[in-house]
Amino acid sequence: MWVDQEKVLAAKRAFQRGEPFDPSVVRPVILESWKRSRAFGVRMDTRLPRILTGEELAERCRQRREFCDVALPFVESLREFATGAGFVMTVCDEEVYVLQVTGDEDLQQIIRAGGMVEGCNRNERRIGTNGVGTPVETGQPVQVFSEEHYFGPSRKWGCTGAPIFRPDGSVAGGICLISPYEKVGAQTLALAVSVAENIRRQMKMRETFETLDHLRRNLSIIIETWPSGILLLNQDLTVVQANAGAARLLMLPREALEGAAFFELIGRRALRESEVRRGVTDRLVTIERGTQTMSLSFSIQRADAGSCVVMFETAETLHRKVSRIVGSDARFRFDDIIGGSPALRDAVELARVAAGNNSNVLLSGESGTGKELFAQAIHNASARRREPFVDINCGALPKSLIESELFGYEGGSFTGANRDGRAGKFELANGGTIFLDEIGDMPFDVQVSLLRVLQTREVSRIGSSKTVKVDVRVISATNQNLIKAIERNEFRSDLYYRLNVFDIRIPPLRDRQGDIVSLADYFFRKYASDLPHCRMTGLSPEAYALLCRYQWPGNVRELENAVERAIYLAKSDQIGPECFPEHIRAAALGETAEEMGKEPMQPEAGSGAAGRSGCSLREIELRQIRRALSLSGGNVSRAGELLGLSRRTVYRKMERYGLDISNFRTEG
């Protein structure tokens, strides 16, 4: 493209002085850029911006890795072509910092004198009209010839630039081809646009590949860890993929599922083939495997090419979900709270007082101490006991969902919303109690909305300008220190004092040593009663002693799980220490050097078999070791396996109690 540079120069000088000139001698795209440059406050004799250091430039590239990993290698691959054609190629980022200069070495020496080096800034807002800053500013490819440059040292150059767009349409940077302005033609502009487009396409391909790979890995994790059973059926209704949950619920090894016909797994009387192909929702099916029976709820969705996705869960799980929605899940009362330790009695007494009024309650305590049990007991002892009890775990829901779950939404208020809208938990709990578990994990911005509801007793659904009056008693729970969360600006102090009318601390199990035996007996009766023909009478004195010695970091929930497991592992009429997990046995029996001389704690007198035995824990431990050595015929390694202790620990305890190994080798 030929441009009369003398006329352009004269026009530029007149423009600089504010004098009239013939605008026809200046291309419109250039004149518009001059006007922007002047509006930005750029002078034609401006000083060059500071050039980035090598470390700053490297950090800038690291921050734009997705762009640089594609653009810089691609342009570098064209270096020999650029050298042969007699031009230099530069790549800049979205702020027009030059990240790469490559091509003709002689020309690089020339343009370097004008400040065009890696790390320089060519933003139109800093140096005015130029062949890389102007395309990034306008989002359009531009050629700038000689005197059309706003910045003096660039007047001998012919610059052809094009913006580089990200896959989302935003500007990632720009590409510029620099040569003596006499050599610049229309084909140079086409080349710049082509390079920019190729970089965009490669970025899109890379993004697509990474997204697909990420989705594939995430999907695999989700399918494997999902608690429900998942089956993928092909068009012949044969299982092509199954997760671990499916094998557990169908009571079959996983290898027996893949390749099996669906109706062989569930029976032909459960569902018709037409129903499977059409899809069903929450269909209850009874599965029988030998003497075992499982009631499952099946939901089937059609997929592409005639395949189906089958999801199923226990009927009990489905019923629990329905109960939460309709608010009828409060089944515990104060009589269900096991234990008589002073710390627990104080908490129960305060909870009974709270149940007699409508004030908000804050339950604090470690995980597994029974905060939900207290919440339900308070509700069932209150005047609201015939109204809904609705619970929501603030830590289990993503931030994007918790507000709509609490306050509801109008139909079509956001993508994926039910077209008929949905009532929130506060509306469902109207007249009753809402239990906000893990309140400390509630997002800060949602805390503002919750505070407004507590103050006004009104709820406004997302997407609605209307408010709904609600009469709800709020019980919240946390295992966090909310005072410290307030100091870290993670929890609102005004919300804390609104929730914390009755502050009830649920003591950890280690502060309730006298309750351990009672709780263990309760859980034994609870789970043993479910076993057919169960002849177990309870826990042995050694087992009680073991439980009383352990510190229970998981509190009552950990104790319940441990007793349930022990029932299934017991091989005699009493549950012994060997039935409990190794970490409990090791922590309870493996003393440190400091503990060697201390008398172990005894269970509460008169409670359980351990209390009735009259033996101290030291005597019980000695009895265990002697018995293990006798059963093993003096084999210390075997005795350690029976006790759940290491060989070294057994030798240390034998030395402590003065036991001679030869005595046991002659006993067997």
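Two residues are taken to be in contact when heavy atoms lie within 4.5 Å. With that cut-off in hand, a good place to start is S404, part of helix α16, which covers residues 399-407. Leaving aside neighbours within four places in sequence, S404 is in contact with Y409, G424 and I462. The label for this serine is buried, because its relative accessibility is 7% and the limit for that label is under 20%. All of this comes from a predicted model, so the positions described here are those of a prediction.

Next comes a sheet. Five strands make it up, and the sheet is open, with the order β2-β1-β5-β4-β3 and antiparallel pairing. At its edges sit β2 (98-103) and β3 (142-145), each of which pairs on one side only. From one strand to the next, the twist averages 20°. Strands of a sheet are held together in pairs by backbone hydrogen bonds, and the pairing may be parallel or antiparallel. Here, β1 (residues 88-93) is joined to β2 by 5 bridges, with the two strands running antiparallel. Within this pair, M89 stands opposite T102 of β2. A helix goes with the sheet too: α4 (residues 65-76) lies across β1, β2, β4 (157-165) and β5 (171-180), and runs at about 15° to β2.

A smaller piece of strand pairing turns up further along, between β6 (residues 229-233) and β7 (residues 239-242), which pair in the antiparallel sense over 3 bridges. L233 has V239 in β7 as its bridge partner. Together β6 and β7 form a hairpin, with 5 residues between them. One residue of that turn, L237, has a positive phi of about 60°.

Helix α14 (residues 342-355) shows how a helix can have two quite distinct sides. Its 14 residues reach 20 Å from the first C-alpha to the last, close to the 20 Å expected at 1.5 Å a residue. Buried along α14 are L344, A347, V348, A351, A354 and A355. These residues sit on the same side of α14, because they cover an arc of only 115° around the axis. On the other side of α14, P342 and D346 are exposed. As for what covers the buried residues of α14, the list includes β11 (361-364), α15 (371-380), β18 (473-478) and β19 (502-505).

Charged side chains come next, and the structure holds 31 salt bridges. In one of them, the side chains of R510 and E366 meet at 2.4 Å, N to O. R510 belongs to the loop between β19 and α21 (516-528) and E366 to the loop between β11 and α15, so this pair ties together parts that are 144 residues apart in sequence. R510 is partly exposed, with a relative accessible area of 33%, and E366 is partly exposed as well, with a relative accessible area of 27%.

Another salt bridge stays within a helix. The side chains of E207 and K204 meet at 3.9 Å, N to O. About one helical turn separates E207 and K204, because they are 3 residues apart in helix α9 (residues 186-225). E207 counts as partly exposed at 35% relative accessibility, and K204 counts as partly exposed at 37%.

R50 and E56 make a salt bridge too, with their side chains meeting at 3.2 Å, N to O. R50 counts as exposed, because its relative accessibility is 53% and the limit for that label is over 50%. E56, at 33% relative accessibility, counts as partly exposed. Salt bridges can also join up into a network, and R60, R64, D93, E94 and E95 are linked in this way.

The last stop is E578, found in the loop between β21 (574-575) and α24 (582-589). E578 is partly exposed, with a relative accessible area of 48%. Not counting residues up to four places away in sequence, E578 touches R585 and L642. Between the C-alpha atoms of E578 and A543, which are 35 residues apart along the chain, the separation is 8.3 Å.

Notes
Residues are numbered from 1 along each chain as its sequence is written. This is a predicted model: local features need pLDDT of at least 70, side-chain atom pairs count only at pLDDT 80 or more; totals for chains, interfaces and linings use all residues. Side-chain values use heavy atoms; hydrogens and water are left out. Two strands pair if DSSP finds at least two bridges between them. Helices (H or I, at least four residues) and strands (E, at least two) are DSSP runs, numbered from the N terminus. Axes are lines fitted to C-alpha atoms, for helices over the stretch in contact, and angles run from 0 to 180 degrees between N-to-C directions. The expected span of a helix is 1.5 Å times one less than its number of residues. Buried means under 20% relative accessible area, exposed over 50%, partly exposed in between (1.4 Å probe, protein chains only). The arc is that of the directions from the helix axis to the C-beta atoms. A salt bridge is a side-chain nitrogen of Lys or Arg within 4 Å of a carboxyl oxygen of Asp or Glu.
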